[in-house]
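I opened my notebook to look for enclosed empty space and for what surrounds it. Here is the structure I worked from.

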Amino acid sequence: MSSPAAPPRPDSRAPGRAIGVVILNYNGRSHLENFLGTVVRYSDDATIIVADNGSTDDSLNFISKNFPTVAIIDIGDNLGFCGGYNFALKKVEADYYVLLNNDVEVTEGWLRPLKQLLDDDSSIAAVQPKILSWRRKDLFEYAGAGGGFIDTLGYPFCRGRLFRTLEKDRGQYNDTVPVFWATGACLVVRAKLFHELGGLDKDFFAHMEEIDLCWRLKRLGHKVYYCGKSTVYHVGGGTLSEGSPTKTYYNFRNGLVMLIKNQSAAQLFWKLPLRIVLDWVAALQLLFTSPASSWAVFRAHFYVLFHLGRVFDKRRGPFRVTEMWPGILVWHYFALGKRTWKALNSPK
């Protein structure tokens, strides 16, 4: 007598689910063991999908054996953060996508206020929750913190995190406010708009791609929000650790590309040269602490120089004015000693 067939796995294209929570995974079995259970337990009626970027660590077998309600998209190759999500989200039918890192611990009720915000205001295109550190749950986490902003030269930063200064969570960012960008560690975005904009820029590969997406959304008149009523905990550094020369390379390369793509010609005329000089200053400082990271900055600039035509081809109007923070962050932080969002916006 033959054994009964195993029940079919859930379909990522199943109708009737407004939210698709999509976790991109690459050799992250340990993170899935630690955190996938909370996502399944606390994500209400959302469809949970793991999109696997060609893992070799038994991630897929682990999911199949332990989480039968989780749908799997086997990408087969490592397409990076951008390519992986672009590939996977074409196969997911939902009104809203949640791009969720595999090293995020969600909390009970985390999705409801995020979805409610999008349901109530059609002008909001994307939203993120409060991002706290999983290791130090009283601290904001580097990637996203209390909502993302960008200074006049295109350098990104967050409320609750300026460079290496992390604030303690004292409820100061329990608000719901518009921001410039929402973090890719936990990003809820309208599916229709994601596809209309062509998804994430795959040339970024990893780092700052969500900021570029949010900037493009804002240039079209859409809003991006932070919702402090929802909290998740992020391990961070799961792919590239802080201080990694590779991470430095992608951050400086993609930051420069993002500025060229999204600023008007008049703004770019004076901002680009100043940005390049400040990047070189950063490279010289890194020379004494991490020569490999210092060289990574110059490699990033060489990439942009040799691909300048390709980068300029990505420029698409309108280049309407968006709410960039009006100051120069490095000046306020290093010269004036302003270490918090409150201090940055103080008149003194």
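Which residue of strand 12 does Leu99 stand opposite? I looked it up in the model, which is a predicted one, and found Leu187 in strand 12 facing Leu99.

**Entry 1: strand 4 and its partners**

That pair made me curious about the strands themselves. Strand 4 and strand 12, residues 186-190, are joined by five bridges and pair in the antiparallel sense. I then turned to strand 1, residues 19-25, and counted six bridges from there to strand 4. Strand 1 and strand 4 run parallel. In this pairing I noted Leu24 opposite Asn101 of strand 4.

Is strand 4 mostly covered or mostly open? I found that strand 4 is mostly covered, with five of its six residues buried.

**Entry 2: looking for cavities**

Next I went searching for hollows. A probe the size of a water molecule, rolled over the atoms, shows where empty space is left. My search turned up two cavities of 30 Å³ or more. I took them one at a time.

**Entry 3: the second largest cavity**

I began here, since I had just been reading about strand 4. The second largest cavity holds about 30 Å³ of space. Which elements each supply at least two residues of its lining? I noted helix 1 (29-42) and strand 4 (96-101). Helix 1 has the largest share, four residues.

I wrote down the full lining as well: Ile23, Leu32, Phe35, Leu36, Val39, Leu100, Asn101, Asn102 and Val104. Asn101, on this list, is the residue I had already met opposite Leu24. Sorted by class, the lining has seven nonpolar residues, two polar ones and no charged ones.

**Entry 4: the largest cavity**

Then I moved on to the other one. About 60 Å³ of space lies in the largest cavity. Its lining is made of Asp203, Phe204, Arg253, Asn254, Val257, Tyr303, His307, Arg310, Val311 and Lys314. Two or more of these residues come from helix 7 (245-262), and likewise from helix 10 (308-313). Which helix gives the most? I found that helix 7 does, with three residues.

How many residues of each class line the largest cavity? I wrote down four nonpolar, two polar and four charged.

**Entry 5: side by side**

To close the page, I set the two linings next to each other. Four charged residues stand in the lining of the largest cavity, whereas the lining of the second largest cavity has no charged residues. Helix 7 gives the most to the former, and helix 1 has the largest share of the latter.

Note on methods:
Residues are numbered from 1 along each chain as its sequence is written. This is a predicted model: local features need pLDDT of at least 70, side-chain atom pairs count only at pLDDT 80 or more; totals for chains, interfaces and linings use all residues. Side-chain values use heavy atoms; hydrogens and water are left out. On a 1 Å grid over the protein atoms alone, a cavity is a set of points where a 1.4 Å probe fits but cannot get out, and a pocket is an open set with protein on both sides within 12 Å along at least five of seven lines; lining residues have an atom within 4 Å of a point. Grid points are joined across faces, edges and corners, and a volume is the space filled by probe spheres set on the points. Ala, Val, Leu, Ile, Met, Phe, Trp, Tyr, Cys and Pro count as nonpolar, Asp, Glu, Lys and Arg as charged, and the others, Gly among them, as polar. Buried means under 20% relative accessible area, exposed over 50%, partly exposed in between (1.4 Å probe, protein chains only). Two strands pair if DSSP finds at least two bridges between them.
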